[in-house]
Protein chains: 2
Amino acid sequence: MSATRYDVIGIGNAIVDVLSHSDDDFLARQKMPKGSMSLIDEKRAEAIYNAMGPVIECSGGSAANTIVGVAMLGGKAAFIGKVKDDELGHTFARDIRASGVAYTTPLATEGPSTARCYILVTPDGQRTMNTYLGAAQDLSPGDISSDEIRSAKVLYLEGYLWDPKQAKEAFVKAAGIAHESGRTVALTLSDAFCVDRYRKEFLLLIRNKTVDLLFANEAELKSLYETGDFDAAVEALRKDAGIAVVTRSEKGAMVVTKDTIDAVPAFPVERVVDTTGAGDLFAAGFLYGFANDMPHTNSLKLGALCAAEIISHIGARPAKNLRDLASESGLLK
Amino acid sequence: MSATRYDVIGIGNAIVDVLSHSDDDFLARQKMPKGSMSLIDEKRAEAIYNAMGPVIECSGGSAANTIVGVAMLGGKAAFIGKVKDDELGHTFARDIRASGVAYTTPLATEGPSTARCYILVTPDGQRTMNTYLGAAQDLSPGDISSDEIRSAKVLYLEGYLWDPKQAKEAFVKAAGIAHESGRTVALTLSDAFCVDRYRKEFLLLIRNKTVDLLFANEAELKSLYETGDFDAAVEALRKDAGIAVVTRSEKGAMVVTKDTIDAVPAFPVERVVDTTGAGDLFAAGFLYGFANDMPHTNSLKLGALCAAEIISHIGARPAKNLRDLASESGLLK
């Protein structure tokens, strides 16, 4: 294998989050399935925005959050995703670079505006997301730099990329380049509803080894195998996947391979404020460990630590220095 | 007195906050006096923005935060302040209306962009602010609606209004209209550095009874009377002011008149996350009680409750329903 410049390169929808504190009644009135991510058009985006309470805006995007986490742990990281040349697009680009991530995807100069995710945070800390994909839809194979993909030990992709039409082609192109250079291709299933939309395709990606390392939470895994039985889903997964990381919120997380299962408990949290980004930051911790050849159990612990940080405050970008936290916990030097 | 439509109407700088987690080293490198509010020009704004870490954006502005708090306690409230017809301006306008506040100030169609405050939050929860006044500078006497001012029991003004040139005239005009209709005029001293810039003028406003109700924290009060002795400052204040509310962070707060002093302790807080808006929300609670003829001690307690809510999370707009919190605490029905 040739030398690498990055630990991880991520490809995902480049999104700015618009968060508001809300309650279950609001979700019911707006017919939003609690805890889900729904795709919305511009008209619906406007209606939701007008109905929401006061908002907080901050950069988001699932894979983007993960890549920022990798960089904040001290990893070398890059991101590919599309924003427009507008105010929110500039915010997104500045934020991800301010976190130490290499980000060079050209800004769209025409077409829809930068993607936004309207997130309702309920008092129990759960988040319900409504995504207007906007400019993120215009990510295309032309935005994939072969040189950059080859330069990363791990290519990390989000399942949400299956939603914008051309992004899927970008995804497949990048996976091909990564494998040609002997790199690892990782995928997160993103969301149970997303799995429901693309179950067959995701299963094919896993079974034909386009994906080497899979991230899923309990709901996504059950959705993938259309079963309510967690243990049955794990058994099915062991047959299909190379390495799979399964997160179970307060029940902890595990790494599953054909022959082994390693599990760790969740990291204690004083108060769950906002679960936005929990899975994204868990993936960040695990990927940092994985790319740096740490034992799976330690990578899981690093994931649990990062997830605990992100759910203790609002927003999906870390508020504390993750490297310092990891050092204090003895997980990194 | 004629009938009123509002409990409180506020006039202030209409600002969007841009917050970032930071540390003391960053403040030292940027030569920012910790805990202060500094005025900056566009060039400096750009330099700070480029140097800051990932940001969270949310509507702010001292008097605007207060007025939102009054509305969220169930009070009828209105706000006057200037933004531009740009993206941040629309965010500000939407947010304040989403909180139930009447806001009808015309948007500026030319001139500088909507005001921004770059806020660095250190791990101790302290905030250090850098304000680019932008469009807020264009608030002028023409924006003051006599009808609206007359319609509110209390007119609430922020000391920061002394910074933009024409806003001062708007302030004086509004105070005149309020007094003609027998309303109460309230002023917050805003910031010790602001007091230092306008000490003589503020003392004159208090002594000539342009201001009936004064809000100050310990540092502002000491700055006003140029003394390090808190008790001496309070004694001086009792001679000058009609009614004065003095906040002392974790030492609680008091109402001071010529003849009486009422004090309450601070409301317990699990963890101070971000002190941005503590004074603003204390004023909100007190003003709600004051406008609804509650005893001073109860108004102080309501102020302490609102301040405790705001410092337990990031941003200066309440994350919880203040009315519900006040009901749970037995302060409101």
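Me: What does it take for two residues to be in contact?
Reply: Two residues are in contact if their C-beta atoms, placed from the backbone, lie within 7 Å. In this predicted model, local features need pLDDT of at least 70 and side-chain atom pairs count only at pLDDT 80 or more, while totals for chains, interfaces and linings use all residues. Residues are numbered from 1 along each chain as its sequence is written, and chains are lettered from A, with ligands numbered from 1, in the order in which they are written. Leaving aside residues up to four places away in sequence, Val8(A) touches Ile67(A), Val70(A), Gly75(A), Ala77(A), Ala152(A), Lys153(A), Val154(A), Tyr156(A), Leu287(A) and Ala291(A).

Me: Which residues have the most contacts inside the largest nonpolar core?
Reply: In soluble globular proteins, nonpolar side chains tend to be buried together. A nonpolar core is a set of buried Ala, Val, Leu, Ile, Met, Phe, Trp, Tyr and Cys residues joined through C-beta atoms within 7 Å, and a residue is buried if 20 or more other C-beta atoms lie within 10 Å of its own, exposed if 12 or fewer, and partly exposed in between. Here the largest nonpolar core has 237 residues, and those with the most contacts inside it are Val8(A), Leu155(A), Leu287(A), Val8(B), Leu155(B) and Leu287(B).

Me: How many residues of helix α3 of chain A are buried?
Reply: Helices (H or I, at least four residues) and strands (E, at least two) are DSSP runs, numbered from the N terminus. Helix α3 of chain A covers residues 62-72, and eleven of its eleven residues are buried, among them Ile67(A) and Val70(A), which are also residues that Val8(A) touches.

Me: Where is a positive phi found in a residue other than glycine?
Reply: Most residues other than glycine have a negative phi. Lys209(A), however, has a phi near 65°; this residue lies in the loop between α7 (192-207) and β11 (213-217) of chain A, and it counts as exposed because it has 12 C-beta neighbours inside 10 Å. In chain B, Ser249(B) has a positive phi of about 50°, sits in the loop between β12 (243-247) and β13 (253-256), and is partly exposed, with 17 other C-beta atoms within 10 Å. Gly74(A), just after α3(A), takes a positive phi of about 100°.

Me: What turn and shift lay chain A on chain B?
Reply: Copies are superposed by least squares on the C-alpha atoms of residues with pLDDT of at least 70 in both. Chain A can be laid on chain B with an RMSD of 0.0 Å by a turn of 180° and a shift of 0.0 Å along the axis, which is the relation of a two-fold axis. Of the residues of chain A, Glu57(A) comes closest to that rotation axis, with its C-alpha at 2.5 Å.

Me: How many residues of chain A are in contact with chain B, and which element gives the most?
Reply: On chain A, 18 residues are in contact with 18 residues of chain B, and β4(A) gives the most to this side, with four residues. Since 100% of the interface residues of chain A are also interface residues in chain B, the copies meet through the same surface. Two strands pair if DSSP finds at least two bridges between them; three bridges join β4(A) to strand β4 (residues 56-59) of chain B, and these strands run antiparallel. Within this pairing, Glu57(A) stands opposite Glu57(B) in β4(B).
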